[in-house]
Amino acid sequence: MRDTEDMEAEAGFDDGDEPSFSDPEDFEDDISDQELLEDVLRDRPQEADGIDSVIVVDNVPQVGPERLEKLKNVVQKIFSKFGKITNEFYPEAEGKTKGYIFLEYAAPSHAQEAVKNADGYKLDKQHTFRVNLFTDFDKYMNISDEWEAPEKQPFKDFGNLRHWMEDPDCRDQYSVIYESGERTGIFSNDAKEAITVEERARWTETYVRWSPKGTYLATFHQRGIALWGGEKFKQIQRFSHQGVQLIDFSPCERYVVTFSPLMDTKDDPQAIIIWDVLTGQKKRGFHCESSAHWPIFNSLFLQSMGLLDKKSLKINGIKDFSWSPGDNIIAFWVPEDKDIPARVTLMQLPSRHEIRVRNLFNVVDCKLHWQKNGDYLCVKVDRTPKGTQGVVTNFEIFRMREKQVPVDVVEMKESIIAFAWEPNGSKFAVLHGESPRINSSFYHVKNNGKIDLIKMFDKQQANSIFWSPQGQFLVLAGLRSMNGALAFVDTSDCTMMNIAEHYMASDVEWDPTGRYVVTSVSWWSHKVDNAFWLWTFQGRLLQKNNKDRFCQLLWRPRPPSLISQEQIKLIKKDLKKYSKIFEQKDRLSQSKASKELVDKRRTMMEDYRKYREAAQQMYQEQRPLRLQLRGGVDTDELDSNVEDWEEETIEFFISEEIIPLGDLE
C-alpha cells in the first residue's frame, strides 16, 4: 500500500484527482486506422443489402423430384469448396427444375471466388455451368445503348527491339555483372576485343536475365522487376513484386512469371504472379508453400489464365513432371505405393489422353530429360535390385516421333555424374564413374531401334557437360572442385580437339551460334581470380578478360531464324561463293594494327567526302559571281564557247639522235 501511495505521489496526482490520459492540444495523430488496425478492419462486417453474396448458376440439369436430391448433393460438393452456402433455391415448373439455381454464401468474397473458378465448369457433355453474381444483372441492365469509343492511348516508341541483329559483322552480345554487382555492362563479342554497347552503375540489385528471344533484359530490384530493350536499353516495362527472387519467361515472351518468398495474404495470393509483358498487367496470382522447385506450377492454364476445363490434374503421389519442348505433352512420374509399381506417364493436353505409360519396379528416384526439340525423352531411373545393396541406373529412352512411343533401355553399371542431350540431334553424352576414374560415353539413338555406344573416354576430369547450341561439339568441364579442367570434343568422329584449363572455373556459357564459348570464375562462388575467358569451339583461347569482382556473364539469345531449311541447304551448297568475302574480312581483322589502319583510312575517306561535298556546294553557289566577273562567258565547262576559240600550233624541240653511217653497215 505504501508503494502505491509513493507511485501516486511521484506521478503528480493525489487521491482526489483523476489521471488525465488526453493528448496535448497541439498533438497531431499521424497514424491512420488502416495502419493500426489493418487485420481487424479487413474482417469487419461490410454494409450490404444481402444480394452481394448470391450467385446464379445456369445450365444446370433439369430433373424431377426423384433426382433432385442427387443434384443438390452434386452442386453442394462443387460449390461448397468456395465457402459456406447458407441458402439455396431451385426454381421449378411442371414438376421439373428450370435449369438454373440460386446459391447464397456467407460472405460476398466467397461468391466472387465461386464465379471466378466455377464459371465454365463442365459437369458432363451436355451441361457446362455459367456462373454470375446476382448483382451483375442490374449492372448489365443499366448499360448505356450508346457506344463510347475507348480513350486512345499514346504510342510508346522504344526503338528497334532487335537492332543487335542488324550488326554488319553479325556480332552477338552478352551481359556482364562485375564489381560485386555494382556495375552491369552490355558488350558486343569480337574475336580481338569486346566492344562496349551500354554500361551502367547499380543497374540491378542481384542478377539479370535475358528473355528467350533476346528482346528484353530483366533486372532485379527489391520492389520488383524491370524490363529494358531497344538501341539505348530504355525501360520498357516494370512489375511491382516485393522481394522478387526468381523469374521465368514464356517461350513467346508474352508473359513473365515472378516468385517472391515474402508472405502473401489469403485473399490476394501473390507469392507467384503471372504478368502480361506488353501491358504490365497482373494476370493471376498463386500461393506457394515451398520454393524447392522452379518453376512451381502443377496445373495447366489457358491464355485467359483460367484453369483448363476448370479442373486440376489430380495425380496422387506425383513426384516430378516436365513439359515437352516441342509438343503439348507433359511427362510425370509417380513412385511405388505398396504393391503398385512406380510409373512414368506421357499425357497429351488438353485432351488429357495418356499416350504412354511405363511401369517401373524397385525405383529409388527418377529424373526427366527432354531433348531440345521434344524428339526424345530420357528417364534416368535409379533402382535397388532385390538381393543387392547398391543402386543401379538405367536410361529409359522414349522415341516420341514413332508410333506407340517405343522405349529403349540403356543399362549403366556405374554411378551417373551428368547427362545431356545433343540439342539438335539424336546423340547424348554421359559422365559416369567415381573420381579419379570418371568416364565420358557418347551414344547415338538410331532409327533402326538401336542405341549404339559411339565412344568412351576414360579418366576424365569432368563433372559437367555443355553442348554447343548447334550440336556436334561439346565441352567436358571439371568445375569448381576439379580446378577448371576443360576438354573440347567433336562428336562427329569423337575426337578430342583440345585439352585446357581455366583454374577454379565456375561457369561455362556457349554463344547462340556455337562458334564461341566462355569460361568464367564468378565472385559469387570464388573470391579470387575473377575473370572470363573467350575460346573458339575448337578450344583455342582468344581473350582473357579480368573484371574486378566479376560475377556473371550471359549471352543474349537470338530469335529463331526466318530462313527455311531449303534456303539453309542452298546457302551451304553455295558457301564457297561467299567464302572469299569472309576470308577478306578475316584477314582484315587478323591483327589489331590492321584494324586500326582500316578505321583510320575510313575516317580520312569520310572526311574527304564531306570536304568535297562542301566544296562542290560552294562552287555552285559562286557560279553567278563567276559569270558576272567574266562578262557572261560560261567557263565552267570545257566545251563552252567553242566558236570563240583560236587554233594555234606550237612546235618545240624534244631530242636529237646522231647515228654514224659506219654503224649501219
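Visitor: How many disulfides does the count come to by the rule used here?

Guide: Zero. A disulfide has to be a pair of cysteine sulfur atoms within 2.5 Å, and the count by that rule is zero. Bear in mind that this is a predicted model, where local features need pLDDT of at least 70, side-chain atom pairs count only at pLDDT 80 or more, and totals for chains, interfaces and linings use all residues. Residues are numbered from 1 along each chain as its sequence is written, and side-chain values use heavy atoms, leaving out hydrogens and water.

Visitor: Why is Cys366 called buried?

Guide: Buried means under 20% relative accessible area, exposed over 50%, and partly exposed in between (1.4 Å probe, protein chains only). Cys366 sits at 1%, so buried it is.

Visitor: And what makes Cys170 partly exposed?

Guide: Its relative accessible area is 44%, and the partly exposed band runs between 20% and 50%.

Visitor: Why are the buried residues of α5 said to be on the same side?

Guide: Those are Ala111, Ala114, Val115 and Ala118, in helix α5 (residues 108–118). They cover an arc of only 100° around the axis, so they share one side of α5. The arc is taken from the directions from the helix axis to the C-beta atoms. Helices here are DSSP runs (H or I, at least four residues), as are strands (E, at least two), numbered from the N terminus.

Visitor: What covers those buried residues of α5?

Guide: The cover includes β1 (54–58), α4 (65–79), β5 (100–105) and β6 (130–133).

Definitions and conventions: Contact = heavy atoms within 4.5 Å.
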